[in-house]
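Q: Could you take me through the sheet in this one, strand by strand, and then show me what sits around it?

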Amino acid sequence: MSDDEELTQNRATDRVEKLVRDTAGALTPQPQLELIPVSVTPTACLDKSESLQKIVVSRAYWLRGVDRNQHMVVSRQVADYWKEQGFQVIARNAQPDNPDLSGLTEPDKFILALTWGSGDHIYLAATSPCVWPESYR
């Protein structure tokens, strides 16, 4: 991979935003996305095979306008959409009426999640692989 193709913090941020927005755009009815503010802060890369200076970037959005009785419908729509995109659905919660899913994009290995949260709401999230922070460049 050339330096021009290297996954940078900015490119990773663009990709996590696109993954969440594209997934939400495939849902019926269309939810309103509400950014979860704590998700914008990069965090340390936990992969011990990577440099300790690398980070991951994430974005998470509440899916507003989705009633609790629609959570499982949305979960199935998300799983179907991810499969159509060639992504792996790597985990589904085995509990009935729990919409939690996780996925992995191919070939770039971004982690995807549909998660149930407090107050009976669900959110979509995406997390990048380990990248160098922009300040490192």
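A: Let's fix the terms first: two strands pair if DSSP finds at least two bridges between them, and strands (E, at least two residues) and helices (H or I, at least four) are DSSP runs, numbered from the N terminus. Keep in mind that this is a predicted model, where local features need pLDDT of at least 70, side-chain atom pairs count only at pLDDT 80 or more, and totals for chains, interfaces and linings use all residues. Residues are numbered from 1 along each chain as its sequence is written, and side-chain values use heavy atoms, with hydrogens and water left out.

Now the sheet. β7 and β8 are antiparallel partners, with 7 bridges between them; Trp 116, for one, has Ile 122 in β8 as its bridge partner. The two strands make a hairpin with 3 residues in between, and Gly 119 in that turn has a positive phi of about 80°.

Step out from there on either side. β7 (residues 111–117) also pairs antiparallel with β6 (residues 101–104), over 4 bridges, and Leu 104 has Ile 111 of β7 as its bridge partner. β8, for its part, is joined to β4 by 5 bridges, again antiparallel, with Ala 60 opposite Ala 125 in β8.

Put together, you get an open sheet of 6 strands in the order β1-β4-β8-β7-β6-β5, with antiparallel pairing. β1 (32–35) and β5 (88–92) are the edge strands, each pairing on one side only. Neighbouring strands are turned by 25° against each other on average, direction ignored (axes are lines fitted to C-alpha atoms, for helices over the stretch in contact, and angles run from 0 to 180 degrees between N-to-C directions).

Helix α2 (residues 71–84) lies across β4 (58–64), β5, β6, β7 and β8 (121–127), and runs at about 180° to β7; contact here means heavy atoms within 4.5 Å.

There's also a covalent link to look at. The structure holds 1 disulfide, that is, a pair of cysteine sulfur atoms within 2.5 Å. The bond joins Cys 45 to Cys 130, S to S 1.8 Å, and the link is right-handed, with 70° about the S-S bond. This pair ties together distant parts of the chain, 85 residues apart: Cys 45 is in the loop between β2 (43–44) and β3 (55–56), and Cys 130 in the segment after β8.
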